Structure formats: structure tokens, C-alpha cells
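Q: Please take a close look at one part of this protein, the place where the aromatic side chains inside it come together. Then work outward from there, in whatever order makes the picture clearest.

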Amino acid sequence: MERIRVTSKGSAVKSILTAFILVTVFIGSIKLVNLDVQKFFERLENVPAVIGRMMVIDLSVIPNALLACLTSLSLAFLTLVVSVIIAMLLSFLAARNITPSNYLANFIKAFFAVIRSVPGLVWGLMVIASLGFGYTSGFIAMLLSSIGYLIKLFTGSIEEVGTDIVEAMRSTGASWFNIVFHGLIPLCITSFFGWITVRFEGDVAESIGLGIIGVGGIGLLLTKAIGAYDYAQTTTILIVICLLMLVLEFSMTKLKTMVKYGESR
């Protein structure tokens with residue numbers, strides 16, 4: 001009986017080689033970061049004591065925590081609106097199928113790839129060192145990060161449309177702006193909205209993180225509670241943050257579903 005090959009020739013060797021490389025990289029990573037597993041297990045005995053101290057809540061901090069959450073949400077929303085406007089303009093200049101210049105497209109992609117390579121907290125520290133503490137510093141730091149990621153996501157969505165509709169509209173004499181506003185945006189708006197909701201969640205999380213380094217909002221309130229070793233307030237603030245992110249997650253999912261349903265109608 002003739003055997004029928006269901007895998008490509010040499011696939012077993014490639015799989016073994018890939019597994020060997022992954023295991024080698026994993027072991028090398030452990031050695032590089034000097035991961036002390038023994039100390040980790042030795043310190044586990046301290047976990048029950050810390051958890052026991054945090055099994056208390058302080059209801060008096062809830063009004064301040066809610067106000068701080070509103071501040072963090074406002075900062076994230078303001079950043080999102082400005083970054084979406086800038087990113088949409090630059091994305092159409094960076095997309096290969098619509099860009100007026102390949103040199104311009106490559107420059108935009110390379111520049112914001114560098115922006116994305118720097119973590120938001122690092123941007124925050126650099127901006128704070130220049131402008132001082134406050135919401136303005138947090139806004140600028142988050143804006144850089146948000147624009148960088150949205151340009152990457154928007155550009156990918158635009159390029160997925162392809163060149164057919166662009167060439168068809170050009171053949172009718174349509175201008176660059178007509179192609180963008182009447183051809184590409186209607187096709188990309190659903191995916192754009194999906195990326196915007198995802199980025200809003202990221203902006204909220206980033207605003208909380210930047211609050212820890214002094215920008216403000218719920219992150220700053222959490223830092224103060226941790227610095228004072230106030231376990232009750234720390235636990236309460238963490239619960240408020242978790243509830244905020246859960247509500248935000250369900251809300252964004254609902255919005256995306258509504259947009260897709262409306263699109264299908």
C-alpha cells in the first residue's frame with residue numbers, strides 16, 4: 001500500500017530544530033536576566049502576610065478615587081481625540097496604496113517606529129523633566145505614544161484595502177482628497193473604530209501608569225497610598241481601578257458590536 005505524505009519533506013527536522021532553538025533561547029533568557037527561582041519560592045512565605053494586611057478596604061477613599069478615575073479618563077479621552085485626528089491624516093500619507101510619495105511614507109513609518117520603541121513611561125519621565133509635573137506633561141507623553149500606535153494600525157487597515165479602488169477612482173479623475181474621503185474612509189471606518197476603542201483602553205491604562213510617576217489621576221492616588229503603607233486604601237483603589245477597566249472593557253466591546261451591527265444593516 002502506497003504511503004501518502006501529509007507533511008512537507010523535512011518538516012520533522014524543521015520542527016525539531018525550531019523547538020531546540022526556542023528552548024535554547026528560553027534558557028538563555030533565564031541566564032541573562034539572572035532569574036533566581038530559589039529566592040522566589042523562599043519569599044513565597046511572605047505572601048500570606050501581605051495578602052492578609054490587604055484584606056481590608058477603606059470606604060472613605062472612594063469619593064477621591066472616583067474623582068481621580070474621572071481625571072484619568074478625561075486625560076485619556078482628550079489624548080485619544082487629538083491623536084486620532086493627527087494619526088488619520090498621517091496614516092493616509094504613509095499607506096503605500098495612497099501616499100503621494102514613497103519617500104514621505106517611509107519617513108513617517110520610520111519616525112513613528114522610533115516613537116513606538118520608547119515606552120510611554122520613559123516619554124513621561126523625559127517630558128516631566130522638561131515641563132515639570134502635571135497633566136500637560138502626561139498629555140504630551142501619551143500623545144506621542146498614542147499617535148505612534150494608531151498610525152501603525154490605521155496604515156495597516158488602509159493598505160489592506162489594496163490598490164483597485166484607488167486606481168479606479170484615479171481613472172475617473174478623482175483627486176487625492178476625493179479618493180481618501182469618498183473611497184478609503186468609508187471602507188476603513190469600521191476597522192478604524194475598532195482600533196480606536198482598543199487604543200482608548202490602552203490610553204486609560206497608560207494614564208494610570210503615568211499617574212504613578214507624578215502626572216496625576218488615580219495612579220498618583222495609588223502611589224501615595226502605597227508610599228504611606230496604607231494597605232486598606234491601596235486595596236480599595238486597586239478595586240476601583242479593576243472595576244473601571246472592566247466597565248471600560250464591556251463598554252468598548254458593546255460599542256464595537258453596535259458599529260458592526262449597524263454596518264451589516
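A: Let's begin with Phe192, which is buried, with a relative accessible area of 1%. Please keep in mind that this is a predicted model. The partner to look at is Phe92, which also counts as buried, at 4% relative accessibility, because the limit for that word is under 20%.

A search of the whole structure turns up six aromatic pairs. In the one formed by Phe92 and Phe192, the ring centres are 6.3 Å apart and the planes are at 70 degrees, so the pair is edge-to-face. Phe92 belongs to helix α4 (residues 62–94) and Phe192 to helix α9 (residues 176–212), so their pairing ties together parts of the chain that are 100 residues apart in sequence. The two rings also have company: Phe92, Phe154 and Phe192 make up one aromatic cluster.

Now follow helix α9 to its charged residues. Both Asp203 and Arg199 lie in this helix, four residues apart, which is about one turn. They form a salt bridge whose closest N and O atoms are 3.0 Å apart. Arg199 has a second salt-bridge partner in Glu206, where the closest N and O atoms are 3.1 Å apart. As for the surroundings, Asp203 and Arg199 are both buried, and Glu206 is buried as well.

Ser145 comes into view here too. Setting aside neighbours within four places in sequence, Ser145 is in contact with Arg199 and Glu206. Ser145 sits in helix α7 (residues 135–161) and is buried, with a relative accessible area of 6%.

Staying with helix α7, let's move to a charged pair in another setting. In general, side chains of opposite charge can pair when their charged atoms come close. The structure holds five salt bridges. One of them joins the side chains of Glu159 and Arg96, at 3.5 Å from N to O. This pair links distant parts of the chain, with Glu159 in helix α7 and Arg96 in the loop between α4 and α5 (102–117), 63 residues apart. Buried, partly exposed or exposed: which word fits each partner? Glu159 counts as partly exposed, at 21% relative accessibility, whereas Arg96 counts as exposed, at 60%. Compare the buried Glu206 and Arg199. Beyond that pair, salt bridges that share partners join Arg96, Lys109 and Glu159 into one network.

Next, the stretch leading into helix α11 (residues 231–264), where Tyr231 is placed. Tyr229 lies in the loop between α10 (218–227) and α11. Its backbone is worth a look, since Tyr229 has a positive phi of about 55 degrees although it is not a glycine. Tyr229 counts as exposed, at 63% relative accessibility, while Tyr231 is partly exposed, with a relative accessible area of 27%. Not counting residues up to four places away in sequence, Tyr231 touches Arg53, Met54 and Val56. Tyr231 and Val84, by contrast, are 39 Å apart in space, C-alpha to C-alpha, and 147 residues apart in sequence.

Those contacts bring us to the early part of the chain and its surface. A nonpolar patch there includes Leu32, Phe40, Phe41, Ile51 and Met55 among its members, and the whole patch has about 1,000 Å² of accessible area. Helices α1 (11–33), α2 (37–43) and α3 (47–53) each supply at least two of its residues. The most comes from α2, with three, and Phe40 is found in that helix.

Finally, here is how the UniProt record annotates the chain. An unreviewed entry places "domain: ABC transmembrane type-1" at residues 69–252. In the model, that span is 86% helix and 0% strand, and its end C-alpha atoms lie 17 Å apart. The unreviewed entry also lists several spans as "transmembrane region", including 12–30, 75–95 and 235–255. Residues 75–95 are 95% helix and 0% strand, with end C-alpha atoms 29 Å apart. Residues 235–255 are 100% helix and 0% strand, and their end C-alpha atoms lie 30 Å apart.

Technical notes: Residues are numbered from 1 along each chain as its sequence is written. This is a predicted model: local features need pLDDT of at least 70, side-chain atom pairs count only at pLDDT 80 or more; totals for chains, interfaces and linings use all residues. Side-chain values use heavy atoms; hydrogens and water are left out. Patches are made of residues with over 30% relative accessible area and no salt bridge: like charges are joined within 9 Å, nonpolar side chains (Val, Leu, Ile, Met, Phe, Trp, Tyr) within 5 Å. Accessible areas come from the Shrake-Rupley method with a 1.4 Å probe; for residues, only the protein chains shown count as cover. A salt bridge is a side-chain nitrogen of Lys or Arg within 4 Å of a carboxyl oxygen of Asp or Glu. UniProt positions are given in the numbering used here, feature names are shortened, and annotations may be inferred rather than shown by experiment. Rings of Phe, Tyr and Trp (its six-membered ring) pair if their centres lie within 6.5 Å; planes under 30 degrees apart count as stacked, over 60 as edge-to-face and the rest as tilted. Buried means under 20% relative accessible area, exposed over 50%, partly exposed in between (1.4 Å probe, protein chains only). Contact means heavy atoms within 4.5 Å.
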